[in-house]
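Let's take a stroll through this protein model and look at a few helices and some backbone angles. Have the sequence and the 3D view open as you read.

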Amino acid sequence: MEAALHPSEHVVTMLNRHSLSSIIATICGIAATCSMAADAPKVTSPPTAPLAASAASASTPDRNSPLFKTTPCAGDIAAEPGDGDPDISIRDDATLNVMFHGNRFVAAPELAAEFERLNPGQRVSWTAIPPTNTLRVLLNGPMKVAGGKTFFPDVFMGTQQLLVAFTQANTPGNNPPRKIQMRGSYSRIHGIVLIGRADDPNFTGTSASAIVKNEKVRIVLPGQQPLTHALVSVYGYDFDKSKLARMPTNPRFGVSQQRHHRSIPARILAKCEDVGFQFLQSKPYLEAAYPGKFKFVPTPISDEEAAVEESYLYTLPGSPRAKEAERFVSFMRSPEAIAILRKYHLEP
C-alpha cells in the first residue's frame, strides 16, 4: 500500500530569521490558532495551553530550552546530543541530506540504508531531531554537528503544521524568501504505550489508567509540549483538567529536559521517574535496544489525535540535489519503505 499524495503539492514561502520565535510558538502549539491562506490545506489547530511559559524562548530562540526547571536526572544526560549521537548520521561522501521527522527516528537508520541499497551510488546523511530544530535550520541555515561539520536538508519531514505556520506568517515583507514544497503524506502514528521498568512491582496489570493513578508511581512528562500534545493530553482521561494543569508542580511528576519525549525511557531506566507515555513506534525500538528492560501497556488514541501527528514529505525547489531528492521521495512511497514503517507501526 502506497502513501497517498496530498490533493495538491504546495509551494510555500518561508520566513526569514526574524520571525523564528513566532514560528516555533506556532509549531509547539503555543499560539492560540493557526489560519491558512486560501490555496493551502485548511487546517486549524485548537487553542492550547502550554505546560509552562519559557522566558528564554523569546530572547534566545536558537536554544532548545525546556519549559520546566526540574532537578537534573542522569536519564537526561544519557539523551544529550553529541559525538556518537544515534539520531545523527553524517557522511563526508553524502549525495543527499535527509531530515527525518523527529519522532520517526526509530526507523531512520533502516530507511536510509534501504534507500542506499536500492540506489547504488547514493549515500545519505541524515538527522532525526525535534521539529523546532528542523525549523531553525530551514530558517537560519545549516546546523553544526560533531567534528565541525554542518548539515542542511535536501528532503525533510514533518506535520502539516509546518505548512500552516509558514503560510500564516508569509507576508510581502519577508526577504529573502525560501520555498518549500509539500510532497504528500507518508506516515501516521497508530497508538501510544505506557512504559515502565520490567522489574517495577508497581507496574502491573493491563490498565494504563490504573497504573498512573497509583500514588506510588512517579510519572515523567515530555518537556516543551503543550497540554494538547498526545503524550500529555492522554493523562486527561485519568486526571480532571484542574489536576492536569497542576501536573508540573506535583512532586509525582518529572519532566524530560532533552529532546522533548525522547529522553523519557532513559529517565525511567535511571529511576528518576517510573512511567511515561511514548508513541507506539517506541515499543519495537526499545524492545530491540533494551531487551527485557521495559514493560508496555498499549493505549489507543482517537483518529483525530493520530491525525495531528501525520507526517509529510517536503522538498526544497531549486535544490542542487533535486534529482536525488525526487528519488528519495519516490522511495518513501515504495513497498520497501512501507515495510520498514510498518515494522514500527508508522505505516500510512
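## Crossing helices and unusual turns

Keep in mind that this is a predicted model. Start with helix α4 (residues 108-118) and helix α13 (residues 322-331): their axes come within 11 Å and cross at roughly 110°. That makes α4 roughly perpendicular to α13. The crossing of the two is right-handed.

Who does the touching? On the α4 side you'll find Leu 111, Glu 114, Phe 115 and Leu 118, and on the α13 side Glu 324, Arg 327, Phe 328 and Phe 331. Sort the residues of this contact by type and you get five nonpolar, three charged and no polar ones.

Now hop over to helix α14 (residues 335-343). Which of its residues are buried? They are Ala 337, Ile 338, Ile 340 and Leu 341. These four span an arc of only 160° around the axis, which puts them on the same side of α14. It helps to know that an α-helix has 3.6 residues a turn, so residues three or four places apart point the same way.

Next, the backbone. Most residues other than glycine have a negative phi. Here are two non-glycine residues with a positive one:

| Residue | Phi | Place |
|---|---|---|
| Lys 271 | near 65° | loop between α10 (264-269) and β12 (275-279) |
| His 345 | about 60° | segment after α14 |

So is His 345 buried, exposed or partly exposed? With a relative accessibility of 30%, His 345 counts as partly exposed. You can spot His 345 just after α14, the helix whose buried residues include Leu 341.

Definitions and conventions
Residues numbered from 1 in each chain as written. Predicted model: local features only at pLDDT ≥ 70, side-chain atom pairs only at ≥ 80, totals over all residues. Heavy atoms only, no water. Buried < 20%, exposed > 50% of the residue type's maximum accessible area, 1.4 Å probe, protein only. Arc of directions from axis to C-beta. Axes fitted to C-alpha atoms, helices over the stretch in contact; angles between N-to-C directions. Parallel < 35°, antiparallel > 145°, perpendicular 65-115°, else oblique. Left-handed = near helix turned anticlockwise from the far one by under 90°. Contact = heavy atoms within 4.5 Å. Nonpolar A, V, L, I, M, F, W, Y, C, P; charged D, E, K, R; others polar.
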